[in-house]
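The questions below ask how particular labels are earned. Each reply sets a computed value against the criterion that applies.

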Amino acid sequence: MSAPEDAWVKVEQEAAATRIKMAEDACMQLLGGDREHMPKIGICLSGGGWRAMTSGCALFDALAVPVAGPTKDGSAKPSKPLDCFSHAFGLSGGSWMLFNTLAGGDYNSFHRSANPWLYGA
């Protein structure tokens, strides 16, 4: 591989390691236990166009509801099931939803509008 490709691989490996640690931390907070026994959890959204995209939005909305409060010492923020996923995969409509969610950061263009039926509004 070229030097730029090597550099990109290292950046991706660091990002993946950071996400896996965040997912393990969330699982430990939600499920208890220790890091050594935490599962690696992924989510896959199927294809099917607009229907797959909207069902993926509904799933992510449900998984984004906090179910565990901060730790007793206040060192951790509330966790939600969505935080436990370290990998995400999508096909067709599922990938449309994932791309918008992952590229948008904290902004979710599917649900932050006066009219929730307006895509990207």
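**Reasons behind the labels**

Q: Why is E24 called buried or exposed in this predicted model?
A: E24 has a relative accessibility of 10%. The limit for a buried residue is under 20%, so E24 counts as buried. E24 belongs to a set of buried residues in helix 1 that also includes A23, A26 and C27.

Q: What covers the buried residues of helix 1?
A: The cover includes strand 1, residues 41–45, and strand 2, residues 85–90.

Q: How do you know that K40 and E24 form a salt bridge?
A: The closest N and O atoms of K40 and E24 are 2.7 Å apart. A salt bridge requires a Lys or Arg side-chain nitrogen within 4 Å of an Asp or Glu carboxyl oxygen, so the pair qualifies. The pair links distant parts of the chain, with K40 in the loop between helix 1 and strand 1, E24 in helix 1, and their positions 16 residues apart.

Q: Is K40 buried or exposed, and why?
A: K40 has a relative accessible area of 51%. Exposed means over 50%, so K40 is exposed, whereas E24 at 10% is buried.

Q: What makes D25 and K21 a salt bridge, and where do they lie?
A: Their closest N and O atoms are 2.9 Å apart, and the cut-off is 4 Å. D25 and K21 both lie in helix 1, four residues apart, which is about one turn of the helix. An α-helix has 3.6 residues a turn, so residues three or four places apart point the same way.

Q: Why are D25 and K21 called partly exposed?
A: D25 has a relative accessible area of 29%, and K21 has a relative accessibility of 44%. Partly exposed covers what lies between the buried limit of 20% and the exposed limit of 50%, so D25 is partly exposed and K21 is partly exposed.

Q: Why do D83 and K80 count as a salt bridge?
A: The N to O distance is 3.9 Å, and the criterion is within 4 Å, so the side chains of D83 and K80 meet in a salt bridge. D83, at 17% relative accessibility, counts as buried, while K80, at 22%, is partly exposed. A search of the whole structure finds three salt bridges.

Q: How do you know that C27 is in no disulfide?
A: A search of the whole structure finds zero disulfides. For C27, the nearest cysteine sulfur is that of C84, 3.2 Å away. A disulfide needs sulfur atoms within 2.5 Å, so the C84 sulfur is too far from that of C27 for a bond.

Q: Why are C27 and C84 called buried?
A: The relative accessible area of C27 is 0%, and C84 has a relative accessibility of 6%. Buried means under 20%, so C27 is buried and C84 is buried.

Q: What makes S86 a buried residue, and where is its place?
A: S86 is in strand 2. Its relative accessibility is 13%, and the buried limit is under 20%, so S86 counts as buried. Not counting residues up to four places away in sequence, S86 touches R19, I20, A23 and I41.

Q: How do you know that the side chains of S86 and H87 make a polar contact?
A: The distance is 2.8 Å, and the cut-off is 3.5 Å. The contact joins side chain to side chain, as the criterion requires for residues adjacent in sequence.

Q: Which residues make up the largest nonpolar core, and which helix supplies the largest share?
A: The core has 10 residues: I43, L45, M53, C57, F60, L63, L82, F85, M97 and L98. Strand 1, helix 2 (50–63) and helix 3 (93–104) each supply at least two of them. Helix 2 gives the largest share, four residues.

Q: What is L98 in contact with?
A: Leaving aside neighbours within four places in sequence, L98 is in contact with L45, F60, A88, F89 and G90.

Note on methods: Residues numbered from 1 in each chain as written. Predicted model: local features only at pLDDT ≥ 70, side-chain atom pairs only at ≥ 80, totals over all residues. Heavy atoms only, no water. Buried < 20%, exposed > 50% of the residue type's maximum accessible area, 1.4 Å probe, protein only. Helix = DSSP H or I, 4+ residues; strand = E, 2+ residues; numbered from the N terminus. Contact = heavy atoms within 4.5 Å. Core = buried A, V, L, I, M, F, W, Y, C linked by side-chain atoms within 4.5 Å. Polar contact = N/O pair within 3.5 Å; in protein donor to acceptor, adjacent residues only side chain to side chain.
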